[in-house]
Amino acid sequence: MIFISMNQKLRLLSYVVIAYMLLAFAWWTILLNTKNEEAYTAKKESLKISMMVDGTYTTEAEFIQTEKYTALKDRYKRRQLMIFGESLVFVISLFIGFWLINKGYRDIIKNSKNKTNFLLSISHELKSPVASVRLALETLIKRDLEKSQLKKISAGALKENTRLGALIENLLLAAKLEESYEINREVVRVADIILPIVNNEKLKYPSAEIQINIDDSVKLIHTDKFALHTILNNLIENALKYSPGIKRVLIQFKAADNDLLIEVGDQGVGIPKEEKERVFDKFYRLGAEITRTTKGTGLGLFIISKMVKALGGNIAVKDNDPRGSVFIVKLKNQVVKQFQ
Ligand code: ATP
Ligand code: MG
């Protein structure tokens with residue numbers, strides 16, 4: 001059985017209405033034009049007769065030259081132009097409307113898909129740490145454990161708790177960023193931000209090869225510390241998370257005039273061409289939820305793209321050589337002149 005959703009039914013109905021309107025309007029245009037033509041011919045004939053009686057003209061060529069006839073012909077041409085002109089405007093408006101309806105439906109479908117994706121991942125992401133912490137606490141209550149076991153179970157529960165806390169923070173931050181992000185600029189030493197992030201990631205992925213290059217001109221920058229930390233943390237986390245084999249990440253900080261250029265490149269799975277724009281959408285994750293092996297909510301890139309925008313910059317992703325992706329962030333007016 002073919003299943004047609006309510007959205008598709010509405011879409012189909014709007015197409016039928018639009019097609020009907022187009023046909024009806026074409027019919028009205030032809031009818032109006034015919035009536036105009038008929039009225040013109042009738043008026044021309046009656047004018048011809050009355051002028052012939054008056055003796056205003058003798059030949060057809062003279063009649064065509066008369067002022068009354070040229071005025072009548074001009075009026076006929078003007079009306080014809082008006083009928084076709086209005087039809088054209090109507091058809092154009094209808095096509096614009098059609099395009100807007102189509103776009104609206106596409107957005108609705110995209111949003112509902114993203115929400116379903118989000119609900120599937122969020123319910124798993126929320127449930128699993130809660131269940132782990134619960135299991136740990138039940139074990140601690142029921143059993144008399146040795147000190148080392150007690151420490152191991154508590155550390156596991158603490159890790160899950162931290163993950164849950166970070167997820168809630170991200171959800172709240174994403175909701176807040178829908179409104180705006182208030183920038184708080186200060187002079188920041190890039191190394192002070194990047195090194196703790198990289199050291200923390202190295203604890204999670206001991207075999208990862210992470211290289212950092214900071215150009216002299218951007219060792220100190222004028223930026224929002226929290227935003228820069230969030231941007232780098234998310235990009236580096238993604239670079240490592242989406243590199244299933246060898247985790248090789250190159251992080252570069254360069255200057256382009258007064259702007260700061262950050263590049264985070266990996267040798268991971270890469271992002272297909274058609275998905276490169278969409279990864280910045282809220283809750284968007286590549287692939288289907290069931291087949292996915294990585295954890296996440298699809299909020300990281302959405303959050304940082306909002307922050308980059310608030311800092312007057314832009315973010316893009318391109319393919320890395322020979323594989324993987326490079327995220328390029330450009331932040332406006334970050335270079336501190338006196339330190340160059
Ligand atoms: P989280 O909210 O925990 O960050 P997430 O990592 O799934 O979850 P985003 O960081 O917004 O969410 O990334 C969105 C999607 O883009 C990811 O699910 C992944 O499919 C894809 N993606 C992001 N970065 C990379 C990368 N470096 N390489 C390949 N795919 C990536
Ligand atoms: Mg992420």
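**Exercise 1. Determine how strand 4 pairs with strand 5, and describe the turn between them.**

Solution. Strand 4 and strand 5 (residues 259–265) run antiparallel and are joined by seven bridges. Strands here are DSSP runs of E with at least two residues, helices are runs of H or I with at least four, and both are numbered from the N terminus. Two strands pair if DSSP finds at least two bridges between them. Before proceeding, note that the model is predicted, that local features need pLDDT of at least 70 and side-chain atom pairs pLDDT 80 or more, and that totals for chains, interfaces and linings use all residues. Side-chain values use heavy atoms without hydrogens and water, residues are numbered from 1 along each chain as its sequence is written, and chains are lettered from A and ligands numbered from 1 in the order in which they are written.

Next, locate a facing pair: K254 stands opposite L261 in strand 5. Finally, examine the hairpin, which has two residues between the strands; there D257 adopts a positive phi near 55°.

**Exercise 2. Identify how strand 2 pairs with strand 4.**

Solution. Strand 2 (residues 209–214) and strand 4 (residues 248–256) pair in the parallel sense, over six bridges. As an example, I210 has V249 as its bridge partner in strand 4.

**Exercise 3. Establish which residues of helix 7 are buried, and what covers them.**

Solution. First, apply the criterion: buried means under 20% relative accessible area, exposed over 50%, and partly exposed in between (1.4 Å probe, protein chains only). The buried residues of helix 7 are G300, L301, F302, I303, I304, S305, M307 and V308. Because eight of its eleven residues are buried, helix 7 is largely enclosed by the rest of the structure. Their cover includes helix 4 (147–177), helix 6, strand 6 (314–319) and strand 7. Just after helix 7, G312 takes a positive phi of about 70°.

**Exercise 4. Describe the surroundings of ligand 1.**

Solution. Begin with the elements: helix 6 (225–241), helix 7 (300–310) and strand 7 (325–331) each supply at least two residues of the shell. Helix 6 gives the most, with three residues.

Then consider class: the shell has ten nonpolar, seven polar and three charged residues.

Last, inspect the side chains. An N or O atom in the side chain of N238 is 2.8 Å from an oxygen atom of ligand 1. For Y242, a polar side-chain atom lies 2.8 Å from a ligand 1 oxygen atom, and a polar side-chain atom of T297 lies 2.8 Å from an oxygen atom of ligand 1.

Conventions
Polar contact = N/O pair within 3.5 Å; in protein donor to acceptor, adjacent residues only side chain to side chain. Nonpolar A, V, L, I, M, F, W, Y, C, P; charged D, E, K, R; others polar. Contact = heavy atoms within 4.5 Å.
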